[in-house]
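Please read the following note alongside the model. The points are arranged by element, with the terms explained where they come up.

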Amino acid sequence: MSKLSIALSFALCTAAAGVHALGHAAVARTATPPAPGAAPGTARAATPPARSDRADPGNHLGRVPILEYHVIGDHEAHWTVEPEHFRRDLQLLYDRGYRPISVAQLIDRRIDLPAGRSPVVFTFDDASPSQFRYIERNGQLEIDPNSAIGIWLDFHAKHPDWQNRATFCVLPAASAGHAFFGNGGIEGQKTAWRYKKLQYLVAQGFELCDHTLWHANLGKYSDAVVQEQIARGALAIDSAVPGYRIRTFALPLGIWPKNRALAHAGAWTDPRSGRTIRYRFDAILEVSGGPARSPYDPAFDPLRLPRVEVYGTALEHTLDALDRPGVRYVVGSEPVTRADASH
Ligand SMILES: [Zn+2]
């Protein structure tokens, strides 16, 4: 296990921090109908359009890389890439025809990219300040251009077809500033900025994902603690962004609870308020396993999505492997029809 993982595993003492403000009851609404904007998926049920001889079929059964980033820091390590490395990754993916979509879009088959492009999913785990850091200048908050979100937004400004689609798997109350992107002065970040950061991400189009309260190794705990960890993670997100519908859960350390079903759905009753918080996710992220199957592949399992850990030259190797004939998902010039999808 990495230094980071070990540090987070020992973070029990911080468990109570960060979730004092109990938000709406909306956390319990995780089983609501599809989010607005889910319409493109309905194309599957429509009459198939006539195809011209020159239609590009693409490869809708190809693989989709779900990339996993942790720290954007000042030295390369297993869980860290330097800012320049992250900038290079964005350019490399762009130049090789990839465009970002969120986890929610992947599982909903909302791959609304131009023909010939390939989807890539970015996930950022553990909510460190390195992912989203503010710099205060003359009373104004600016996004640190060397934090992940600063680098991303700069790239987006220069490449408008690189949209703000990435999934942030956040912790509200882990140690060393892994608490909604920093608290208590760590890396200059103020506790009061934490909710503002989550709200900003949602407003820009990014997805939030539950990663538990403080990164507990869920394999070590009782069913009750597993549900408390996940529900309190969801509750904290709801406190920051009231009513936000959480679709995705990321397993800390990639470790499943003994009762695996509890990673998908469960409930916890707050002993202070007597209120019960329920959760039910549509996607579960593992830590490794390589590029994911297409959501049109009959073996696609949204409740067990593999990822690609990005460090060193892992991304370059992954993209080379995806370029073997027939491996990579490529958007075709016609919508994927129901008949196609059942192949
Ligand atoms: Zn993590």
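**Notes on the model**

1. The buried residues of helix 2 are covered by elements that include strand 2 (71–72), strand 3 (80–81), strand 4 (98–101), strand 5 (118–125), helix 4 (148–158) and helix 8 (314–322). Helices (H or I, at least four residues) and strands (E, at least two) are DSSP runs, numbered from the N terminus, and a residue is buried if 20 or more other C-beta atoms, placed from the backbone, lie within 10 Å of its own, exposed if 12 or fewer, and partly exposed in between. This is a predicted model, in which local features need pLDDT of at least 70 and side-chain atom pairs count only at pLDDT 80 or more, while totals for chains, interfaces and linings use all residues. Residues are numbered from 1 along each chain as its sequence is written.

2. The chain has an average pLDDT (the predictor's confidence in each residue, from 0 to 100) of 86, and 83% of the residues score at least 70. Over residues 1–49, however, the pLDDT is below 50, although this stretch has 86 contacts in the model beyond near neighbours in sequence; a contact requires C-beta atoms, placed from the backbone, within 7 Å.

3. Nine helices and 14 strands make up the secondary structure of the chain, and 43% of its 343 residues are buried. Among contacts with a separation of 6 or more, 71% are between residues 24 or more positions apart.

4. Within helix 2 (residues 83–95), the buried residues are Phe-86, Asp-89, Leu-90 and Leu-93. They lie on the same side of the helix because they cover an arc (taken over the directions from the helix axis to the C-beta atoms) of only 95 degrees around the axis. The face turned away from this buried side carries the exposed residues Glu-84 and Asp-95, and just after the helix Gly-97 takes a positive phi of about 90 degrees.

5. Helix 5 (residues 194–204) has Arg-194, Lys-197, Leu-198 and Leu-201 as its buried residues. They too cover an arc of only 95 degrees around the axis, which puts them on the same side of helix 5. Their packing partners are strand 8 (167–170), strand 9 (207–210) and helix 6 (223–240), and Gly-205, just after helix 5, has a positive phi of about 105 degrees.

6. Strand 11 (residues 265–269) and strand 12 run antiparallel and are joined by five bridges, where pairing requires at least two bridges found by DSSP. Ala-267 stands opposite Arg-278, and the hairpin has six residues between the two strands, with Gly-274 in the turn at a positive phi of about 75 degrees. Along strand 12 (residues 276–280) the side chains alternate, with Ile-277 and Tyr-279 buried on one face, while Thr-276, Arg-278 and Arg-280 point to the other and are not buried.

7. The largest nonpolar core (buried Ala, Val, Leu, Ile, Met, Phe, Trp, Tyr and Cys residues joined through C-beta atoms within 7 Å) has 78 residues, and Val-121 is one of those that touch the most other members. Helix 6 contributes the largest share of this core, eight residues.

8. Arg-307, found in strand 14 (residues 305–309), counts as buried because it has 23 C-beta neighbours inside 10 Å. Its C-alpha is 6.4 Å from that of Glu-68, 239 residues away in sequence. Leaving aside neighbours within four places in sequence, Arg-307 is in contact with residues including Glu-68, Thr-123 and Glu-286.

Terms used. Two residues are in contact if their C-beta atoms, placed from the backbone, lie within 7 Å.
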